[in-house]
Every structure is written in structure tokens, then in C-alpha cells.
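Morning, everyone. I'll put the model up and talk you through the parts I looked at.

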Amino acid sequence: MWGMLFLIPCSFLPILAQQQHLVQESDTLANVDVTGNYRVREMKSTSPQYTLSHGSFSRFGVTDISDALHRLPGITLRDYGGAGGMKTVSVRGLGAQNTGVSYDGIALSDCQTGQVDLQRYTLDNISNLRLSVAGNDDLFVPARNVSSATQLAITTQVETDLTAPLHGLASLTLGSWGYTHPMLQMGTSWRERFALSGAVDFVYAENDYPFTLTNVQQQVKERRTNSRMNQWHGETNLLFKVNQRNRLTAKLYYYDNDRQLPGMVHYYTNESHETLHERNAFLQARWLSFCSDRFTFMVNGKFNWASSDYDNAAAGGSLGSATYWQREAYTSVSMLYTPADWLSMNYAADYQMNNLNGSLTQASRPYRHSVLQTLGAKAVVGRFVFLARGLYAIYQNGNKAKAIDSGSSMNPNQTVSGTEPDEANFAPSFSTSFQPCANEQFYVRASWKHIFRMPTFNELYYYHLGNPMLLPEQTSQWNVGLTWQNENTYPLHVYLTADAYINNVTDKIVSIPFNMFVWHTVNIGKVRIYGFDATADFSLSLGMNHTLGLNGNYSYQRAKNLSFQGKFYGNQIAYTPQHSGSATLYWTNPWLNLSATASGMSNRWATNEHTAGTEMGGFVELSFSAYRDIHIATQPFTLRASMLNAANLQYDIVRNYPMPGRSWKLTISTKF
């Protein structure tokens, strides 16, 4: 609780800082690299970082966010199929709960499941995706942004030009099985002090794609049923330049998805009557103050609300309905001090409150107060870069009873038994990079990070599953790597990275069945993961606006389950392939830009026990894309066509959830 009290005086620091340093309108700001050169940042980073920009989406023929994530190394995407299928990301075998996701610099969260469903974020509104593994070289970030083993940062196309007139972008995408996706973005500015932008999009799809169901020697042609989705999202962004040294940004976001859930496919069983209506709204804001050339101050705030309504109209003893609401209040204070050109220091303190109301939890209203504090330093000494950071976190947990009816004697605010104990954890991290030759763009990097994951509310309190006495998962990450790019070798450009790593997970949270209906979640798991990630990017300028390029990544993961002695000891953990990767060949030219992509993975197992019939075959999926910029009168248009899974390959990423076969997408977009 002392850590929480610390945040109260912190909230007054902007006022004190302004009193101590009066900023004159004539003052000029020191140069600040906001967008940066992504390739240079990745190359010099002390821990692995990988970025996909909006421009690379076009060159590589990327069609949606799941397609984009396949272009990043070390990622295992859990995809339940189709446009509306849930998509979560596991990096280096650590699980989706260990992947933090931020949206324009402020973390997203789901206190119920601990997983962020990435299918709700459309690619048209994204400026870039950046994956940081086992560390983050950005020192000036909120504490929550470094509180997970890996971080996926989503940056949207927010209007930042304070001199731009009214402008916009409109697009329409049509695809197989009723896929329809219109999108509109607009932005403007006033008096070089305000910038306002917004985006709205709608996605509708029947998702009734065909698939082949195999039972021993017999094959049956089926179609996906109960798979329709209606999804829309809108957001508004505001930038207010208070003066030369102070800026305020804010985002209002809303998401609504009313969809059917197709369910698992078994032989003679392809019926589902489940529906899920998800809604999410949040308001987030950031105040950035350049108090002096050496001292920068940042305050973040967010309020988040989310609900999910599940219904199963099928007859029988199955679950009929379940409703959940979750809320989050969040604030963060971060300070960056650069006492010398070679040294930067940062302190950040975050407070977060989460609570959940649900119809299927042991505790009707669980809640959690979290205080996270980080202290970090980054030093550049000659050709060496050193970064050290410590994270200290305090969690106060509880739950409150809910009166069963109006005649109940139970106080709705009464704390009930079966509450997770309070927790306090310290997590240090260290990383470094070295440039052996001053005239060669070649870097060696090494990092170590200890981090923990708090149990989710489902793992703690879900009916017939939860265990309120769970301990946090503990993860130790080691990484060594190399980055290199050639210089002065026009017209050929080459960029290469290679990283080897070991991850050790203890107190891993696993669920053990007592019978078909009752499971129990416990801390008995141990996992050791070692592997290798490599990326390569080649581009050859052929002159006359012609460029030929090849971009690829490869990952090897050996994730050993060490939880149980006996025949299961050392098994590859479920849904983790040993080999995965992708490669894209592209040609940009004045006539028709073309790309071809192959992505895939090796065999996997659907269970940790590797029981008979649970091995899933590997696959390689081929896709092709073409686009062209044209003008009609004076209006510019971009036309794009994509063929996905061109070989019509039948495969699953999640067992018994077949992926779509051959499909197409057509897009027309225009700027105004």
C-alpha cells in the first residue's frame, strides 16, 4: 500500500516542474526523434526488436494483422479460423498471457483471460507493428509496458501534422464468403495547435467456407456453420500543442463485435448454436512535458470498460449463457533525466485497478489493485550500450460477495473467503550491445530478463477451474544475438539478424482434470525453452523505379515440458512447432507491384501429453498479391488483389478448427 501512496504526490509533479522552470514561448525544443529509423533502432538494440511499417504491408502483400504477425520471428499465432476467429500470440513458446500488447503507447489488458484478441485491430488503421523480446530499449515508457516477457506495440495512423488541412482515406475490401470491409479515416488541424483525426470501419462476413473432414480413409466435404460476424470499431484522436514544451494527446475508442461461434469440428458433429457479443470502450490520454533540455515528464491515464455476453441455444446440459463486465482505471507517471549526453535515467510509477463481475466465478466481484515502479538507466560508452532496469510490483487482491436476492443477509461489499493472497515481486533486467568495428554496421547483443506473470481472474476464480492460491509464473530469459547490414554496396542492400535464447519458466500455471467437468489449476509446471531466431532482408535496385526484394524469417523452438517425471517428461509443449517461418519475394515497378509469400510450421501436438491422435501435421501456405496506383481524372486510387492459400491447403492451427482454403480479397482505396 505504501507504493500506492507514493503516486499521490507524483500527480502534482507537473505543477511543481512548471513552477521551477517557467517555459517561455520563445524557447526552442531540442530535437526529439519521434518516428525514428526503425531499421537503425532494431540493429543497435540491446535486445531483439522487429518492426513492420505500413509501407512494408504493401510491399509484402500483407492482408490482415494475423498475416502481418506471421512475418515476425518467434511468433506462434493461435488462430481459430476465418475473419472472426480469435487470434492470440505466443512468442518463443511462453504463451499468450506472457505477451503484452500496447496501443499507441498505452497497454491493453484483459484481466479475465490475460489474452488480447488481435483480430479486432484492422490493418488499415495501423502505422506499424513492433515486437520487443526479453527487453525494451525505449527507456521512456510506462512501467506496465515492460512488465511482460514480450511486448507487441501497435501504433495507429494518428494525425500529428498541425498544419494539415482536411484530408482523409477511404477504402473498401471485398473477399470470399461474404467478407465486406469499408473503412474511412479523416484528419484536420486548426491554428497549428490542434490536430483531430478519426477512423471508423465495419467488417461483415458469413465465414461459411468449405473444408474437408477426414475420418480414417473416408473424406467428407463440409462447410463451416454458425460462423457469421458483425464487427465495427471507431476511434477519435486529439493532439493539443499547449506551447512549445507541452503537448496533450487523447484517444476515444469503441469496439463492438456480435458474432456466432462455429465451435469444434468432429466427425458427424458440425453443429453449433453459440453466440458471443463483445464490446470494449476506453479513453486514454497522455501529457508530455519537456521541462528542460535534460528533463522530460510524461503522465498517462486510461479508463477501460469491456463486456462479453455468451449464449448457447443448444438443448441439453451445456452452458446456457454467461455474462462478464470488467473495468480498469489506470494512471502512470514517468520521468526521463539525461545528466550527460551519454547517460539517460528513467523512473516510472503506475497504478492500476481492475475488477470483474461475472456469472461463472467463485467470487462474484474479484478486484486487484496494482502498483508498478521501474527505475532504469541507459549508457552509451564508445561503441558499447548498456541498459539496466528494475521493476517492483505490489498487488492487492480481493473479491466482494454479491447478494443472491433481495432477501439475502449477505452484504454486497463484504469480502468473501477464497481470495488470492497479496503479492510483491521484484524483476531486474540487463542488456548490452557492442559494435566491434567502428566502420562496420555489425553489432553483438546480449540480454537477461527476469519477469513474472500474475494469474488471471479466470485462473483464480472460474467455476470448477480456478484456484485463488496460485503463485505468479516466474520466467528467466537469456538472449545473445548478432545484427548486420551492408553499407556503400548500392544497388544491393542486405540486413541480417540472428539470436539464440533460453527461457526457463517455473511455477507455470497449468490446469489438471479431475474428471470431464471439473478441472483444477495449480502451480506445478516447469518449462525450458531454447531456440534460434533469424531474419533476412535483401533488396536490389534495378533502376527505373524497379526493386526486387526477398524478406524472410526462421524460428527453431524446443520447448520442453518438465512438469512431470515419467513418459511425458521433456515433451514439446502443446501448439509449439519446432520449426516455423515465412519468406516473401516482391517486385515493385511502375506497372504492377507483385509479391509471393510462403509461410508455415512443422508438426505440433494439441496436448502436452502427446496422446494418440493429437499430433497435428505441418503445413506451408502460399499466397500472392498485386497492387497498382492509378489516377482517375486527378484523384489517386490504389487497387489491390490477393489470393490466399493459393494451393487450397487443408490444415488446422488449433485442433478441430479448420482454416479457410483458397480465398481472395479485392481492395480499392483513395486519399483525398
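So, start with E16 and E17: these two strands run antiparallel and are joined by 17 bridges. For pairing, I mean that DSSP finds at least two bridges between the two strands. Within this pair, Gly301 has Thr331 of E17 as its bridge partner. On to E15, which also pairs with E16 in the antiparallel sense, over 17 bridges. One bridge there puts Glu278 opposite Ser308 in E16. And how many residues make up the hairpin from E15 to E16? It takes 4 residues to join them.

Before I go on, some housekeeping. This is a predicted model, so I ask for pLDDT of at least 70 for local features and 80 or more for side-chain atom pairs, while totals for chains, interfaces and linings use all residues. Numbering runs from 1 along each chain as its sequence is written, and side-chain values use heavy atoms, with hydrogens and water left out.

How confident is the predictor? The mean pLDDT (confidence in each residue, from 0 to 100) is 86 for the protein, and 88% of its residues reach 70 or more. Among the elements, E29 has the highest mean, 97, and helix H2, residues 13-20, the lowest, 36. Residues 1-36 have pLDDT below 50, yet that stretch makes 39 contacts in the model beyond near neighbours in sequence. By contact I mean heavy atoms within 4.5 Å. Residues 403-410 are also below 50, with 5 such contacts. Where pLDDT is low, please don't read the predicted coordinates in detail.

Now the overall numbers. The secondary structure comes to 6 helices and 36 strands; those are DSSP runs numbered from the N terminus, with at least four residues for a helix (H or I) and at least two for a strand (E). Of the 672 residues, 51% count as buried. My cut-offs: buried is under 20% relative accessible area, exposed is over 50%, and partly exposed is in between, with a 1.4 Å probe and protein chains only. The accessible surface is about 30,200 Å², and carbon and sulfur atoms own 60% of that. Those areas are Shrake-Rupley with a 1.4 Å probe, and for residues only the protein chains shown count as cover. If you take contacts with a separation of 6 or more, 64% of them are between residues 24 or more positions apart.

Next, charges. Side chains of opposite charge can pair when their charged atoms come close. I count a salt bridge when a side-chain nitrogen of Lys or Arg is within 4 Å of a carboxyl oxygen of Asp or Glu, and the structure holds 20 of them.

Back at the hairpin loop, Asp293 forms a salt bridge with Arg245, closest N and O atoms 3.6 Å apart. Asp293 lies in the loop between E15 and E16, and Arg245 in the loop between E13 and E14, so this pair ties together parts 48 residues apart in sequence. Is each end buried or exposed? Asp293 counts as exposed because its relative accessibility is 55%, whereas Arg245 is buried at 7%.

Arg294 pairs with Asp341 in another salt bridge, 3.3 Å from N to O. That one links distant parts of the chain too: Arg294 is in the loop between E15 and E16, Asp341 in the loop between E17 and E18, 47 residues apart. Asp341 is exposed, with 76% relative accessible area, and Arg294 is partly exposed at 35%. There's also a network: salt bridges that share partners join Asp117, Arg120, Arg259 and Glu278.

For a further pair, take Arg130 and Asp138, whose closest N and O atoms are 2.5 Å apart in their salt bridge. Arg130 is buried at 12%; Asp138 is partly exposed at 23%.

Last stop, Thr597, in strand E29, residues 593-601. Thr597 counts as buried because its relative accessibility is 7%. Its side chain makes a polar contact with the side chain of Thr584, at 3.0 Å. A polar contact here is a pair of N or O atoms within 3.5 Å; within protein, one must be able to donate a hydrogen and the other to accept it, and residues adjacent in sequence count only if both atoms are side-chain atoms. Leaving aside neighbours within four places in sequence, the contacts of Thr597 include Phe60, Arg71 and Glu621.

Key:
pLDDT = per-residue confidence, 0-100.
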